[in-house]
Amino acid sequence: MADSAISSDTIYAIATGTGGAIGVVRLSGPGSISAAEAVFKPCGHTPLSERPSSSLVYGTVVDDHGETLDDVVVSVYRAPHSYTGEDCIEFSCHNSPYVLHTLCSLLSRHGCRLAAPGEYTQRAFVNGKMDLSQAEAVADLISSTTSASHRLAIQQMKGTYSQAIRSLRDALLHIASLMELELDFGDHEELEFVDRSEVRDKLKQVLGLIHRLADSFRLGNAIKQGLPVAIVGDTNVGKSTLLNQLLGEDRAIVSPVQGTTRDVIEDTVNIGGHLFRFIDTAGLRHTDDPVEQIGIRRALDRLSQAQIILHVVDATQPSVSEVPVSEGQQLVTVYNKADLLRPDQIEQLTGGKASTTHPVIAISAKTGEGLQALTDLLLDFASPTDDTQGVIVSNLRHYQALQAAGEAAQRVLHGFDINLPTDLISQDLRECIDHLSDIIGEVTSDDVIHNIFAHFCVGK
């Protein structure tokens, strides 16, 4: 699963970024305490080797000539009560590049090596401190930029998602064990270990849960990358003005000249703790201008990729053209320029349409009227539904594994339908279990593991 060096080398790395008052150098491995003792003089008579786990020790780092480098606080963590499950030391010193790099050089001369990206978390995984999905959540937590992405990473780190996967896998393992027992005693025709109709019903339940988890990836990916929202409509209906209002800056050129927006303009903004990726597109109309035609083609392409479509219509000329909407996309009709209408005219446009398949809202992108209602609506779309039961898939690798597990489970069901021999059905069932186990790292190859941790920052 991992190189032998993972458990034998002692590694070091600077675990903090530039700026700020405090810098941290982290050590992990069997030689952590002895290496720290070689460069550290505690303020007191008790050496680090005699300190209990989770203790803080004030003292001085000295170089090879006995000269003081810095006054520091050393944190001592003994295996297995540490982040990596190994002996760990953390030096908290002044955040001077010279101090930090000199300390690292001293540690290198005392038998430590520089940690590879993600090696601390990889060691935590190898030593059973967390499973692979929890380890991947550490990287998500570091890169989280909104409260929604932070909350998603924290839930995954706590094991909520892992427990859901284990529950599915355990249910399948129980079925597989009965089927393999039946194979072992296949020469006793009077013995039946598997009620196929009961197993089929159980498999349907498992397959439904796999599909729900896989379907949640659309939301989970949007939480991490930004929920894609396409702003579409005819020319001069106020799409670019609306984009500028939502972003809070003049990102798009606003002009009374038709066809001003000829290319896709895209930017992200944090609204209520959720990241939205707004996409302003060229106005949809017939044109002979070849450049504008390219913009329109790009608009239609981005339209197909969006999860929410804001179809902006000029409220003073409310003829609603058709907008292509795919399955899973949410369409919102936005009547703009409501500041030019009387209240009864606005009511006529928006009232009595609660039973339609998509919301209708009136705004003024110029004055800001109705924008709060629009952003509230967007936040409703960004919130998870009860179908996810609090478990949301946000990792592409997990999504692909769930898809493969679902396909294997579907083959098992088909095998029951056509009365395939037990040994053939068991093969597909085992494949389904392996795909689920791959998510939490129980059957994952070394190449996959190294690829995952290679994308971590050094020091984590």
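Visitor: Is Tyr-399 buried, partly exposed or exposed, judging by its relative accessibility?
Guide: This is a predicted model, and in it the relative accessibility of Tyr-399 comes to 22%. Buried would need a value under 20%, and exposed a value over 50%. Because 22% falls between these cut-offs, Tyr-399 counts as partly exposed.

Visitor: Are the rings of Phe-217 and Tyr-399 stacked or edge-to-face?
Guide: The centres of the two rings, of Phe-217 and Tyr-399, lie 4.5 Å apart, and their planes meet at 10°. Planes under 30 degrees apart count as stacked, whereas edge-to-face needs over 60. With an angle of 10°, therefore, the pair of Phe-217 and Tyr-399 is stacked.

Visitor: How many residues apart are Phe-217 and Tyr-399?
Guide: Phe-217 belongs to helix α9, which covers residues 217–225, while Tyr-399 belongs to helix α14, which covers residues 396–417. The pair thus links distant parts of the chain, and the separation between Phe-217 and Tyr-399 is 182 residues.

Visitor: Is Phe-217 buried or exposed?
Guide: The relative accessibility of Phe-217 is 12%, and the cut-off for buried is under 20%. Because 12% meets that cut-off, Phe-217 counts as buried.

Visitor: How many aromatic pairs are there?
Guide: Rings are taken as a pair if their centres lie within 6.5 Å. By this rule, the count of aromatic pairs comes to 4.

Visitor: Is the aromatic pair of Phe-125 and Phe-453 stacked or tilted?
Guide: The rings of Phe-125 and Phe-453 are 6.3 Å apart, centre to centre, with 35° between the planes. Phe-125 lies in helix α4 and Phe-453 in helix α16, so the pair ties together parts that are 328 residues apart in sequence. Both of these residues, Phe-125 and Phe-453, are buried. An angle under 30 degrees would count as stacked and one over 60 as edge-to-face, so the pair, with 35° between its planes, is tilted.

Visitor: Which residues do ring pairs link into a cluster?
Guide: Phe-125 and Phe-453 form an aromatic pair. The cluster that ring pairs build consists of Phe-125, Phe-453 and Phe-456.

Visitor: Which residue forms a salt bridge with Arg-26?
Guide: Side chains of opposite charge can pair when their charged atoms come close. For Arg-26, the closest N and O atoms of the salt bridge are 3.2 Å apart, and the bridge joins strand β2 to strand β6, across 64 residues. Arg-26 counts as buried at 13% relative accessibility, and its partner, buried with a relative accessible area of 18%, is Glu-90.

Visitor: Over which rings does the charged end of Arg-26 sit?
Guide: The charged end of Arg-26 sits 5.5 Å from the centre of one ring, that of Tyr-83. It also sits over a ring whose centre is 5.2 Å away, that of Tyr-120. The rings asked for are therefore those of Tyr-83 and Tyr-120.

Visitor: What is the distance between the closest N and O atoms in the salt bridge of Arg-200 and Asp-417?
Guide: Arg-200 lies in helix α8 and Asp-417 in helix α14, so the pair ties together parts that are 217 residues apart in sequence. Arg-200 counts as partly exposed at 22% relative accessibility, and Asp-417 is partly exposed as well, with a relative accessible area of 47%. In space, the closest N and O atoms of this salt bridge are 2.6 Å apart.

Visitor: Why is α10 described as largely enclosed by the rest of the structure?
Guide: The buried residues of α10 include Leu-242, Leu-243 and Leu-246, and the buried residues pack against β8, β9, β10, β11 and α13. Helix α10 is largely enclosed because, of its 9 residues, the number buried is 7.

Visitor: Which residue follows α10, and is it buried or exposed?
Guide: The residue that follows α10 has a positive phi, near 75°, and lies in the loop between α10 and β9. Its relative accessible area is 66%, and over 50% counts as exposed. The residue is therefore an exposed one, Gly-248.

Technical notes: Residues numbered from 1 in each chain as written. Predicted model: local features only at pLDDT ≥ 70, side-chain atom pairs only at ≥ 80, totals over all residues. Heavy atoms only, no water. Helix = DSSP H or I, 4+ residues; strand = E, 2+ residues; numbered from the N terminus. Buried < 20%, exposed > 50% of the residue type's maximum accessible area, 1.4 Å probe, protein only. Phe/Tyr/Trp six-rings, centres within 6.5 Å; stacked < 30°, edge-to-face > 60°. Lys NZ or Arg CZ within 6 Å of the ring centre and 35° of its normal. Salt bridge = Lys/Arg side-chain N within 4 Å of Asp/Glu carboxyl O. Contact = heavy atoms within 4.5 Å.
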